[in-house]
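Reader: Can you walk me through this one? I'm new to it.

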Amino acid sequence: MKSARPYWLLALPLVVVLAACGGGGEEPPAAGGEEGPGSPGGQPTGGSTVSGVVNFTGTAPDPEPILMDAEPICQEQFPDGVFTETVVINDNGTLQNVFLSVTEGLPDQVWEVPSDAVLLDQKGCRYFPHVLGVQADQDIVIRNSDGILHNIHPMPTLNRPFNIGQPVEMDTTRQFPTPEIMIPVECDVHDWMMGYVGVVDHPFFAVTGSDGSFEISGLPAGDYVIEAWHELYGTQTLSVSIPEGGTEQIEFTYEGA
Amino acid sequence: MNSGDPLAGNHTGVGPGGRSGPRLLYLPGAWALTAVLMIALYTALSASAQGEIDGQAIYGERCAFCHGDQGDGNGPVARYLNPRPRDFTAGQFKFRTTASGELPLRQDVIDIVKSGVRGTAMPRWEGVLSDAEIEAVVDYVTQSFVPFWGTYDPPVIEIPNPPRVTSSSIERGEQLYQELQCWKCHGDVGRADGDSALTLTDDSDYPIRPADLTKAWRYKGGSELVDIYTRLATGLDGSPMPSFYEVIVDGEVIVDDDRWALAAYVRSLQSGEPTEQSVVVAEFVDGGLPGSVDDAAWEAAEPTSFFLTGQVIAGPRWQTPGVDAVTVRALYNPTDLAMLIEWNDATQDAASGGLEEEQVGETYINLESFLGEGPYADGLAVQFPASIPEGVAKPYFAWGQPGQPVNVWLWRADEGAHEFTGTGLQGGLTAQAESNVEALVEYAEGHYRLLLTRPLNTDDPEDIELRPGEFIPIAFQAWEGSNGEVGTRMALSSWYSLVLAESTSTSALLYAALAAVVVVAFEVVIMRRIRP
C-alpha cells in the first residue's frame, strides 16, 4: 500500500513546497516551507496559481463550550472560555478549517516528499492546527506542549493507526504513507480533543485560516478539480482551467442551517 | 461471565473432580493403552491429513457466530457481548508483540486464540481445537479479513528477561504511575475511577472502561509481570490504551528497568481475587462490635472474596454486571453480627429515578437499549435462607422460591439498608414491616466499604436466626447504577457459607478449668480409696 519511494528524485533539487497554511490562524504550526512558487524546485512544476475563498451562508451551530476543569493547566490558557471548533466562522463571514486539495488534473508523476516536517501541536488540550495538511510519507512531528498526559490516537482507514502515550513534554514523529482525506485524530484522555489530518501525494493543498482564503500555487497550466473538505459540511468540488503563469480565482460556498 | 454459570454452583458444588463413569476408565493400563493408540492414530492421521484441515470450515463452525461470516465482528450474537467481538476487517489487534498500530505476528494471533481472553466471551481454544486446527483458522482469518496482512513485516517489540521484583522497584514503579499519569484513566490506586474513565470509547465508538488494575482476573491479556510489560510497551490497539514505548521522562527515553518497575507496581495493586475458600468465618468478640468501617478490630477478621456473575436466569438477562467480586469480613458478639463488605465500583451512584417496570419476557438484553436510562442507585444485598434448611435443599439461590423464602439485607445508596423477604425472581423482594439491619457506608477511590449489623435473633419468623457453629448459607447481590443495573438486572453469587465460630470466652475457660480441678480431685479421692 505504500506509495513507491522515488529515490531517483533525490538527485534533483527540492520540489516547491506550498505551505500547509496552518489552521485556525493561530501560531504557524507548519514547519514546512512557506516559500512560494519559484523557489528552488527541480520537479516540473509550473507558475500557475489557483486561489480563492470559502464563503459561508446561513446559520452555523453555536460553538459548544468545552469543560476543561479536570486540566487547570489547559483551562487557564482560555480565560474567556474555550469552544468546540467544529464550525468556525470568520469575522468576514468565511469558513475556517476547510482542507483544499487538487484531486484531478495533475500530471502523472511522483512528487518528492518534503524533507521538512510539519508540526501537530497539543497545546491547551487542543490540536494546533485543528486541520493539518501533509504529504504522504512526510514527517509529522507530534508535540506535547502541555506536559500533561495526552495520547495521540489517529483513526485512519487507509493507513495504519497508532496510539502513543505522551505523558510529558515530548515529540513523536510519524508518517502516513497513503493518501487519505481525512484522518481523525483523538486524545482519549481528553474526549473533547479532535483534529484532522489530510494526506495527499502531492504538494498542492491548503487549509483556510482566519480570513477564509487559500492559495495553491506552483501548478503547471492545466484543467484541475479542486476539492474542499469540511468536517461538518462535507466535500465540494470545483473545476478550474489555469493558463501558464496565470492565477484563477474560485469561490466555494458552504451553507449552514 | 468470569465465574461461569451460577446455576452450576461452580464454587461450592462438585468440581471437575467429581467424575463418574465405567470402572475401566480408572485402570491405568487402559489409559496408557488408549494414549498409545491415540498418539499412533493422531500421527498417522496428521501425516496423511495435513493440508486437509479446513480453516474456513472451522471458522464457520466455531467463530462466525460472534465474529461474523465476513469477519467484521457482527455475528448474530455480537450485540449482546461486551466487549464486542473483534472486527478483523479493522486490522487492529489488542494483544500483540508489535509496535503500536501495527499488525500482530501470526504467533500473537495463535497465542490469543489458544488462551482466550479473560473477562470476555472469547473462550480458550487450546484443548478444544488441535494446534494444527488453530493455525489453520488463524491463517484463514488473517488472510481473508485482515487488511495489510502479509504486505509488510510489522516491527516487533523485544521483551527482555524480567528482572527480580524488589520493594524499591515497586516504589519506582509507583513514582512512574504518577509521572506517566496512568491514574487519569485507571484511578489513583488502580480501581478504574480516573477522571477520564467514563468518557472513553473504543475505535468503533462503543463505550469502554479502563481495566481495574486491582483485579488480576480482569487483565484481558494476562496478569503476570511480562504481560503487563508487553501491554505497556505495545498498547491495546483499538482501545484508548496507548503504547508507552517511546516515552521520555527526565529527558531520557524510559528504559527497560523503568517499564519493568511500572509493571511490578501495577502487579502489586492486584488483590482480592476469590479463591476456593467458600466460608466466611465470623470470629467472636466479647464486647462491642466495630462501629466503623475503619475499626482496627476488622484486622482480626479473615477476609473472604467471592465472585459474582450476571443474573441470567430470568428476563431481563444481564450478561455484563458491573460488580464481579465482593470481599467479606464478619465478627459477632453475644447479641449481634457485623459484616464488612467491600467491592469496587468506579462510580458512586447515590441518586435513583426509582425502580422501573421490569422488561420481563425479553430473552436477552440488548445493551444499547439501556443507554440514557436511569439514574440508578448502587446497591448491595446479603441473602440468607429465612431459616436454616432441615435437609440439604437450600432455597433457590436467586431470591429464594415460594415456600422457601430468603431473608435479604439490602442496602441501597439512595435508601439505606432494609430487610426484605424474597420468594423468587418473579415475585421480587418484599420489604419487611420491621427491619433490624443497620448500615454504615464509606465510598472512596472507586471502593465501597459497607458495614451491616443485625441482631443474631430477631424473633421474626421471616428472619434468619444466626446460631454459632452452624453452616449458614449466605449469598450476595450487587447493583452498579452507572451500569444501568436495577431490580433483577444485577450481579449475584451462588450460595456460600457463613460460620459463627464457637466462642472461647473467659467464662468458658473458667468452666473448663473448674472441670479439670473436679476431675483431678475425684481421681485423687478414688486413688486413695483403692490404695490399701
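Author: Start with a yardstick: the expected span of a helix is 1.5 Å times one less than its number of residues. And note that this is a predicted model.

Reader: OK. How far does helix H4 of chain B reach from its first C-alpha to its last?

Author: H4(B) covers residues 131-145, so 15 residues, and reaches 21 Å. That is close to the 21 Å expected.

Reader: Which residues of H4(B) are buried?

Author: Ile134(B), Ala136(B), Val137(B), Val138(B), Tyr140(B), Val141(B), Thr142(B) and Phe145(B).

Reader: And what do the buried residues of H4(B) pack against?

Author: Helix H2 (55-67) and helix H3 (106-115) of chain B.

Reader: Switching helices. How do the axes of H5(B) and H8(B) cross?

Author: At roughly 90°, and the axes come within 7 Å. H5(B) and H8(B) are therefore roughly perpendicular to each other.

Reader: Which residues meet there?

Author: From H5(B), they include Ile170(B), Leu176(B) and Tyr177(B). From H8(B), Trp260(B), Leu262(B) and Tyr265(B) are among them. By class, the contact has 9 nonpolar, 3 polar and 3 charged residues.

Reader: Now chain A. What order do the strands of the open sheet take?

Author: E13-E1-E16, with mixed pairing. Strands E13 (213-219) and E16 (247-255) of chain A each have a single partner strand, so one side of each has no neighbour in the sheet. The twist averages 20° from one strand to the next.

Reader: How many bridges join E1(A) to E13(A)?

Author: 6, and the two strands run antiparallel. Val50(A), for one, stands opposite Ile216(A) in E13(A).

Note on methods. Residues numbered from 1 in each chain as written. Chains lettered and ligands numbered in written order. Predicted model: local features only at pLDDT ≥ 70, side-chain atom pairs only at ≥ 80, totals over all residues. Pairing = 2+ DSSP bridges. Helix = DSSP H or I, 4+ residues; strand = E, 2+ residues; numbered from the N terminus. Axes fitted to C-alpha atoms, helices over the stretch in contact; angles between N-to-C directions. Parallel < 35°, antiparallel > 145°, perpendicular 65-115°, else oblique. Contact = placed C-beta atoms within 7 Å. Nonpolar A, V, L, I, M, F, W, Y, C, P; charged D, E, K, R; others polar. Buried ≥ 20, exposed ≤ 12 C-beta atoms within 10 Å, placed from the backbone.
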